[in-house]
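Me: Got a minute to walk me through a ligand site and the pockets? I'll keep the questions short.

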Amino acid sequence: MLETFKNFIAGEWVAPTTGEYFDNRNPADWNDVIGKFPRSGPADMLKAIESAKRGFAKWSKTPAPIRGQVLQRVGDLLVQRKDAMAKAMTREMGKVLAETRGDVQEGIDTAYYAATEGRRLFGRTVPSELRNKWAMSYRRPIGIAGLITPFNFPLAIPTWKMFPALLCGNAVIFKPAEDVPHTGHLLVEVLIEAGLPPEVVQLVHGQGSVVGRAMVEHRDVPVISFTGSTETGSIIGATCGKMHKRLSLEMGGKNAMIVMGDADLDLALDGVLWGAFGTTGQRCTATSRLIVMKQVHDEMVRRLSERASKLRLGDGLDPATEVGPLVNRAQRDKVHSYVEIGKKEGAKLVAGGSPAEEGPLREGNFYRPTIFDGVEPTMRIAVEEIFGPVLSVVTVSSLEEAIQVQNSTPYGLSSSIYTRDVNRAMRAIRDIEAGITYVNGPTIGAEVQLPFGGVKETGNGHREGGPTVIDAFTEWKSVYIDYSGKLQKAQIDR
Ligand code: UN1
C-alpha cells in the first residue's frame, strides 16, 4: 500500500485542502514509487502563514542560546539517522550513497555551527559622541522566512537556510522541490522531535508556481531565501523588489576549472571527473567547463575521455555505482537537447552524448558522462547552465586568456585553477569573477563555515554559510541610552 504523506501546518500533519497528490518516483527505477505527496494550494499556504505568525511570536522571544540548544539536538538526531536519511535521499533523487551521506553530513555541520552561533550573534557597542550616553546595535529576527529549495542537495541546502533562520529567531515555511519531498518530510520530523515548538516550522509541499508563489506574494512573509534557476530567481526578485522584501538568491553557475601547463595532471584529472560528473553534474557548483592550456590539452582530453567513458552508471544505492541518474525525465531531455545544440555548434563530442538505456538503466533517467572538445567560449554549451553530466573543453594559450574565458559567462559562482606556481594561483584568485575559487581542487567542495554564493547573475549579493548567512535573516536595531539626565542634542551639543 502506497504511503500518503502530509503537510506540516499549525503543528500537525495535515492533508492538503486541495485533496490532490503527486507521485514521488525513484529516478533510477521509474516503477519504484516512494509515496504520494500533497499538491497543495494557496489555502494551505495561508494557513501555514497564520500559524507561523504564532510560532514567531513565541520563538523570537526564546533566548538565542536556548534556540541553539534545539539545533544542537537537531544535529544529534541527524547523526543518528544519517544512513537512513541518505538512503531515502538516494532513492528519491538518485545521487550515489557516498554523496547523500555527505549531504546529511553538511546538514549536521550546519546544525552544530548554528547551535554555537546562539551564544554569539554579535552586535556592536560603540562610543557615543555625547557624555553619559550609551550606543549599541544588535540583531533581531525579522519574522517569517519563506524557504524555497532545489532537488540537488535535498537536505544540505534547506539546512543552510533553515538552521540559521531559526537560530536568529525567525519562524520558517519550507517549500521543498517537487522532486525531493520525502527528504523534506524527514527533516521536519527531526526538527519536531528535537523540540522545536511546532508552529515555528511549516512544511508545504506542492508546485513552486502555486504554493511558492502564494508565499512570495504574501505580505506577511518578509524574508525569502531561494536556491534554483536564475530564471525563477528573477521572477521572485521582481515580486520581492516591489514588496520591499528581504531576498537571498542563489542561482545558476557555469563553473570552470583552469588547468595550467605546470599542473599535476593526475590531480587535475581526478578533480575534473569529480567536479563534472559528481551528482551527475547537477550542482550549481559543477565543473561544466575545462579551460586547458594547449601544451597539456591532448593528454588531458585523451585521459579524461577514457576515464569518463568507464564511469559506472547505475542505482546510487549500489556501492559499485559511480554516477547515478538525472533527477527526472525532463532533465534528461534537457541535457540531451544541449548535446544536440553542441553538435550543431560544431563542438567535437569525445565521450558520451546519449541516454544510457542498457538493461535496468532503461527504467531510469541515465545519461552518459559527456565531453565536448574544441568548444569556443561563445558557444551556448560554454555559456548556459546545463545541470547535467556535460563538460565543455576550451583550449587557451595563456593565463590571461584562461581568466578571460573563465569570466565570459553571465554567472560567477565557483571556479578553480590547477597550477604549481603560486604567482599564477594568486593572480587567478585576484582576477577571477566568482564567489569561490579553489586552488588545486575542483569547483565543488564548499564547507559550511565559509560564505557560499556568487557574483553576477548567480546571486544578489547575499552569502549563505559561515557568519554571513545571518545577514539574510536579521534586522539591526540601534539603541541609544542617555543617562545624563538632561536633553543632549547629537551633532549640536558636543
Ligand atoms: C551546489 O552546488 O548546489 O560545494 C551546492 C559543494 C557542496 C554544496 C554544493 N558542499 O560541493
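Below we go through the ligand and then the pockets.

Reply: Sure. Keep in mind that this is a predicted model.

Me: OK. Which residues surround the ligand?

Reply: From the earlier part of the chain, Glu-106, Asn-152, Phe-153, Ile-157 and Trp-160 are among them. The list also includes Arg-283, Cys-284 and Thr-285. Ile-444, Gly-445, Ala-446 and Phe-452 belong to it as well.

Me: How does that shell divide into nonpolar, polar and charged?

Reply: It has 7 nonpolar residues, 3 polar and 2 charged.

Me: What does the side chain of Arg-283 do with the ligand's oxygen?

Reply: A polar atom of that side chain is 2.4 Å from a ligand oxygen.

Me: And Asn-152, how far is its side chain from a ligand oxygen?

Reply: 3.0 Å, counted from an N or O atom of the Asn-152 side chain.

Me: Which part of Cys-284 lies by a ligand oxygen, backbone or side chain?

Reply: The backbone. One of its N or O atoms sits 3.1 Å from an oxygen of the ligand.

Me: How much of the ligand does the protein bury?

Reply: 97%. On its own, the ligand would expose 320 Å².

Me: Which pocket does the ligand take up?

Reply: Its space is the second largest pocket. That pocket has a volume of about 300 Å³. It is lined by 16 residues, and Glu-106, Phe-153, Arg-283, Gly-445 and Ala-446 are the closest to its centre.

Me: Which elements give two or more residues to that lining?

Reply: Helix 4 (97-117) and helix 5 (156-167). Helix 4 gives the most, with 5 residues.

Me: What's the lining like by class?

Reply: 9 nonpolar, 3 polar and 4 charged residues.

Me: Switching topic. What volume does the largest pocket have?

Reply: About 1000 Å³. Its lining counts 39 residues.

Me: Which of them lie nearest its centre?

Reply: Phe-226, Thr-227, Gly-228, Ser-229 and Thr-232.

Me: Which elements line it with two or more residues?

Reply: Three helices and a strand: helix 7 (208-216), strand 10 (223-227), helix 8 (230-243) and helix 11 (329-345).

Me: Which one has the largest share?

Reply: Helix 8, with 6 residues.

Me: Last one. How does the lining of the largest pocket split by class?

Reply: It divides into 15 nonpolar, 14 polar and 10 charged residues.

Terms used: Residues numbered from 1 in each chain as written. Predicted model: local features only at pLDDT ≥ 70, side-chain atom pairs only at ≥ 80, totals over all residues. Heavy atoms only, no water. Near = heavy atom within 4 Å. Polar contact = N/O pair within 3.5 Å; in protein donor to acceptor, adjacent residues only side chain to side chain. Areas by Shrake-Rupley, 256 points an atom, 1.4 Å probe, with all protein chains shown as cover. 1 Å grid on protein atoms, 1.4 Å probe; cavity = no way out; pocket = protein on both sides within 12 Å on 5 of 7 lines; lining within 4 Å. Sits in = over half its atoms within 2 Å of the grid points. Nonpolar A, V, L, I, M, F, W, Y, C, P; charged D, E, K, R; others polar. Points joined across faces, edges and corners; volume = space filled by probe spheres on them. Helix = DSSP H or I, 4+ residues; strand = E, 2+ residues; numbered from the N terminus.
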